[in-house]
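This report walks through selected parts of one protein chain. Please look at the sequence and the structure before reading on.

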Amino acid sequence: MKVTVVGAGAVGASCAEYIAMKNFASEVVLLDIKEGYAEGKAMDLMQTASLNGFDTKITGSTNDYGKTADSDIAVITSGIPRKPGMTREELIGINAGIVKTVATSLLEHSPNVTIIVVSNPMDTMTYLVHKATGLPKNRIIGMGGALDSARFKYRLAQALEAPISDVDGMVIGGHSDTGMVPLVGHATRNSVKVSEFLSEEKMDWVVEETKVGGATLTKLLGTSAWYAPGAAVSGLVQAIACDQKKMFPCSTLLEGEYDLDDICIGVPVILGKNGIEKIVEIELSDAEKAKMQESAAGVKKTNGLLEV
């Protein structure tokens with residue numbers, strides 16, 4: 001199992017580290033355009049192998065896609081990160097050109113690769129990869145919902161004053177501050193609905209804090225977060241590599257599901273060796289359906305800025 005991570009910045013390196021530590025891949029290739037940067041990150045990570053007990057080989061490359069040949073899975077984190085006050089949508093002009101080049105270069109050397117898109121605005125970049133490559137929809141996955149759901153569960157655990165292992169919840173919709181749809185009505189504490197424990201006011205607080213989860217960290221850090229995004233990506237990669245058939249909310253191309261068409265947006269999917277093996281349609285309340293349609297309208301508006 002060979003995994004390529006394009007972009008050796010904070011998110012890419014964190015992703016590579018988590019994948020290596022889980023010890024399911026034979027090789028991880030880090031690739032970056034900055035001279036020596038990926039090589040340095042790879043060397044630093046390899047020097048933790050004996051300390052962290054993994055045998056995954058991590059190599060770095062400066063823009064040589066030949067080193068990525070025959071990758072089973074590739075993660076695209078390339079592009080500029082968000083700066084304080086910047087929306088994910090404002091990144092589109094710069095990141096679209098980068099992501100398109102990366103995707104076509106990966107495919108040239110790994111025709112059977114499954115691509116996971118992390119670059120923002122993620123739903124639109126995932127849609128762009130579909131248009132640029134023509135790959136089957138099961139092999140293009142946008143990573144947003146897994147991260148947003150982790151942030152949702154973090155806030156739920158805080159509100160419940162419960163251990164996070166007790167909490168389950170999911171966020172669907174667009175991966176943006178306004179587009180997320182945290183499914184409070186489906187969230188549980190050890191199978192009991194959270195509405196049994198939390199007031200409506202507290203649940204509203206959880207939803208709003210979840211939606212600005214990335215922006216909150218950007219304001220605190222001065223750049224985008226990396227630990228949780230890296231961990232979220234590694235979870236998707238492992239589910240595919242190990243054929244786990246796990247359910248994650250991921251951005252996928254919809255063709256009528258959830259009454260949406262020709263759009264990539266976050267919905268529950270089953271991930272296995274074939275990538276997205278099934279899109280899971282869950283029953284939404286009228287309010288959730290309305291929020292989903294509103295979110296989709298926002299994503300389509302951003303998609304309209306693409307030159308494809």
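At 74% relative accessibility, Glu161 counts as exposed, because exposed means over 50%. The structure shown here is a predicted model. Glu161 belongs to the loop between helix 6 and strand 7 (167–168). Its phi is near 55 degrees, a positive value in a residue other than glycine.

Asp243 is another residue with a positive phi, about 50 degrees, although it is not a glycine. The loop that holds Asp243 runs between helix 9 (227–241) and strand 12 (246–255). With 28% relative accessibility, Asp243 counts as partly exposed. The table sets out these two residues.

| Residue | Phi | Relative accessibility |
|---|---|---|
| Glu161 | near 55 degrees | 74% |
| Asp243 | about 50 degrees | 28% |

**Annotated positions**

Two UniProt features come from an unreviewed entry. The first to consider is "binding site", which in that unreviewed entry covers Arg82, Arg88, Asn120 and Arg151. Arg151 is part of helix 6 (residues 145–160). Its relative accessibility is 11%, so Arg151 counts as buried, the limit being under 20%.

Asn120 also takes part in a feature of the backbone: the peptide bond from Asn120 to Pro121 is cis, with omega near -5 degrees. Pro121 sits in the loop between strand 5 (114–117) and helix 5.

The other UniProt feature, "active site", is placed by the unreviewed entry at His175. This histidine, His175, lies in the loop between strand 8 and strand 9. Is His175 buried or exposed? At 7% relative accessibility, His175 counts as buried.

**Helix 5 and helix 10**

Helix 5 has 12 residues and reaches 16 Å from its first C-alpha to its last, close to the 16 Å expected at 1.5 Å a residue. How much of helix 5 is covered? Helix 5 is mostly covered, with 10 of its 12 residues buried. Among them are Met122, Asp123, Tyr127, Leu128, His130 and Thr133. After helix 5 comes Gly134, whose phi is positive, near 70 degrees.

Helix 10 (residues 286–303) has 18 residues. From first C-alpha to last, helix 10 reaches 26 Å, close to the 26 Å expected at 1.5 Å a residue. Its buried residues are Glu288, Met292, Ser295, Ala296, Val299, Thr302 and Asn303. Seen down the axis of helix 10, these buried residues fall within an arc of 115 degrees, so they line one face of the helix. On the other side of helix 10, Asp286, Glu294 and Lys301 are exposed.

What covers the buried residues of helix 10? The elements that do so include helix 4 (92–109), helix 5 (122–133), strand 8 (171–173), strand 9 (180–182) and strand 13 (261–272). Helix 5, described above, is thus one of the elements covering helix 10's buried residues.

**Rings and charges**

A pair of aromatic rings is described by the distance of the centres and the angle of the planes. A search of the whole structure finds 1 aromatic pair. The rings of Trp226 and Tyr227 have their centres 5.4 Å apart and their planes at 50 degrees, so the pair is tilted. Trp226 counts as partly exposed, at 26% relative accessibility, whereas Tyr227 is exposed, with a relative accessible area of 55%.

Charged side chains also meet rings. The charged end of Arg189 sits over the ring of Phe197, 5.7 Å from its centre. Likewise, the ring of Trp205 has the charged end of Lys202 over it, 4.9 Å from the ring centre.

**Ile73 and its contacts**

Ile73 is located in strand 4 (residues 73–76). At 1% relative accessibility, Ile73 counts as buried. Which residues is Ile73 in contact with, leaving aside its neighbours within four places in sequence? They are Met1, Lys2, Val3, Thr4, Val113, Thr114, Ile116, Val237, Ile240 and Ala241. Of these contacts, Ala241 is 168 residues from Ile73 in sequence, and the two are 7.9 Å apart in space, C-alpha to C-alpha.

Key
Residues numbered from 1 in each chain as written. Predicted model: local features only at pLDDT ≥ 70, side-chain atom pairs only at ≥ 80, totals over all residues. Heavy atoms only, no water. UniProt positions renumbered as here; feature names shortened; annotations may be inferred. Helix = DSSP H or I, 4+ residues; strand = E, 2+ residues; numbered from the N terminus. Buried < 20%, exposed > 50% of the residue type's maximum accessible area, 1.4 Å probe, protein only. Expected span 1.5 Å × (residues − 1). Arc of directions from axis to C-beta. Contact = heavy atoms within 4.5 Å. Phe/Tyr/Trp six-rings, centres within 6.5 Å; stacked < 30°, edge-to-face > 60°. Lys NZ or Arg CZ within 6 Å of the ring centre and 35° of its normal.
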